[in-house]
2 protein chains.
Amino acid sequence: MITALGDEHFMRMALAEAEKARQSGEVPVGAVIVCNNVVVARAHNQTEILHDVTAHAEMLALTAAAGYLGGKYLTDCTLFVTLEPCPMCAGALHWAQIGRIVYGASDDKRGYCRFGREMLHPKTKVEFGVLHDECQDILQHFFRKKRLW
Amino acid sequence: MITALGDEHFMRMALAEAEKARQSGEVPVGAVIVCNNVVVARAHNQTEILHDVTAHAEMLALTAAAGYLGGKYLTDCTLFVTLEPCPMCAGALHWAQIGRIVYGASDDKRGYCRFGREMLHPKTKVEFGVLHDECQDILQHFFRKKRLW
């Protein structure tokens, strides 16, 4: 019997990726890409260690998923990410025609929503608020600690 | 005596990159990043060969420039790119705080301008239309040929 795993299950995996970022001194954001209930990519923010602004969790996961699946379109995939994607990541998700996006915490200052729904592909479904508090807490704790340094 | 090279000079290099893309069957877009009159990165679109929607010329050039310069901010750099950047690339250029962007042809359908100037960092200067006809011609010729296939 195949039991479909819920959104919270995969968001917990994305949170575990965010935790890896935190431990490396990176802004703690994590992402997981799932296709037919199978995890095809997982990644965390690595902009500091790679000196690369494009190394957001979503971008690394997109590239890994496309490599794993052997095609650049991810129409049958869901991205789970702990934070609302930024415009760069939303633009990449548009190009990938990703089937569904589930994010945890919102990002009013740097998220894509400021620029409207058209940032994403018209067929992409979006949900948010899954494990919202955990996703927000790990970020708030990180930045609070930074300010104390 | 150091002679400052003009925008056309570097746009010709970006066009040479676009030509490499065309020869590989990729949408012909090329980019060059220049810092204090020195080319620190050059790249062309490789989305097909890499099966990766994020492998736009600008993204590859950004990553290469940051690697070469050893830092992720490109405030003293100019990006020369043959086509108006898409929202993904504009988002990446925002994060990199690039000093200046010079593009050749406009992209009314897929360019970042649809979403407004705020897609870019407030300090980034933008110019366009340099070698406009050449930059547009290589793209139009590519797509015209595709439609004939």
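**Exercise 1. Identify the residue with which B:Glu48 forms a salt bridge, and place this pair in the interface of the predicted model.**

*Solution.* Step 1: The partner of B:Glu48 is A:Lys72, and the closest N and O atoms of the pair are 2.7 Å apart. This distance falls within the 4 Å cut-off for a salt bridge.

Step 2: Across the interface of chain A and chain B, the rule finds two salt bridges. Six residue pairs are in polar contact between these chains.

Step 3: On the side of chain A that touches chain B, the elements giving two or more residues are α2 (57–69) and α3 (87–96) of chain A. The greatest contribution is that of α3(A), with six residues. By character, the residues of this side are twelve nonpolar, eight polar and five charged.

**Exercise 2. Describe the extent of the interface between chain A and chain B.**

*Solution.* Step 1: Contact joins 25 residues of chain A to 25 residues of chain B.

Step 2: The two chains bury about 2100 Å² between them, and 72% of this area lies on carbon and sulfur atoms. A:Val53, A:Lys72 and A:Trp95 account for 32% of the area that chain A buries against chain B, more than any other three residues.

**Exercise 3. Determine how chain A and chain B are related.**

*Solution.* Step 1: Chain A is superposed on chain B by a rotation of 180° with 0.0 Å of shift along its axis, at an RMSD of 0.0 Å. The two copies are therefore related as by a two-fold rotation axis.

Step 2: The C-alpha of chain A nearest the axis belongs to A:Met88 and lies 2.0 Å from it.

Step 3: Of the interface residues of chain A, 100% are also interface residues in chain B, so the copies meet through the same surface.

**Exercise 4. Compare the setting of the salt bridge between A:Lys20 and A:Glu17 with that of the salt bridge between B:Asp7 and B:Arg100.**

*Solution.* Step 1: In the pair A:Lys20 and A:Glu17, the closest N and O atoms are 2.8 Å apart. These residues are three apart in helix α1 (residues 7–23) of chain A and are therefore separated by about one helical turn. A:Lys20 is partly exposed at 40% relative accessibility, whereas A:Glu17 is buried at 3%.

Step 2: B:Asp7 and B:Arg100 approach to 2.6 Å between their closest N and O atoms. This pair links distant parts of the chain, 93 residues apart: B:Asp7 is in helix α1 of chain B and B:Arg100 in strand β4 (residues 100–105). B:Arg100 is buried, with a relative accessible area of 19%.

Methods:
Residues numbered from 1 in each chain as written. Chains lettered and ligands numbered in written order. Predicted model: local features only at pLDDT ≥ 70, side-chain atom pairs only at ≥ 80, totals over all residues. Heavy atoms only, no water. Contact = heavy atoms within 4.5 Å. Buried area = accessible area lost by both parts, 1.4 Å probe. Salt bridge = Lys/Arg side-chain N within 4 Å of Asp/Glu carboxyl O. Polar contact = N/O pair within 3.5 Å; in protein donor to acceptor, adjacent residues only side chain to side chain. Helix = DSSP H or I, 4+ residues; strand = E, 2+ residues; numbered from the N terminus. Nonpolar A, V, L, I, M, F, W, Y, C, P; charged D, E, K, R; others polar. Least-squares fit on C-alpha atoms with pLDDT ≥ 70 in both. Buried < 20%, exposed > 50% of the residue type's maximum accessible area, 1.4 Å probe, protein only.
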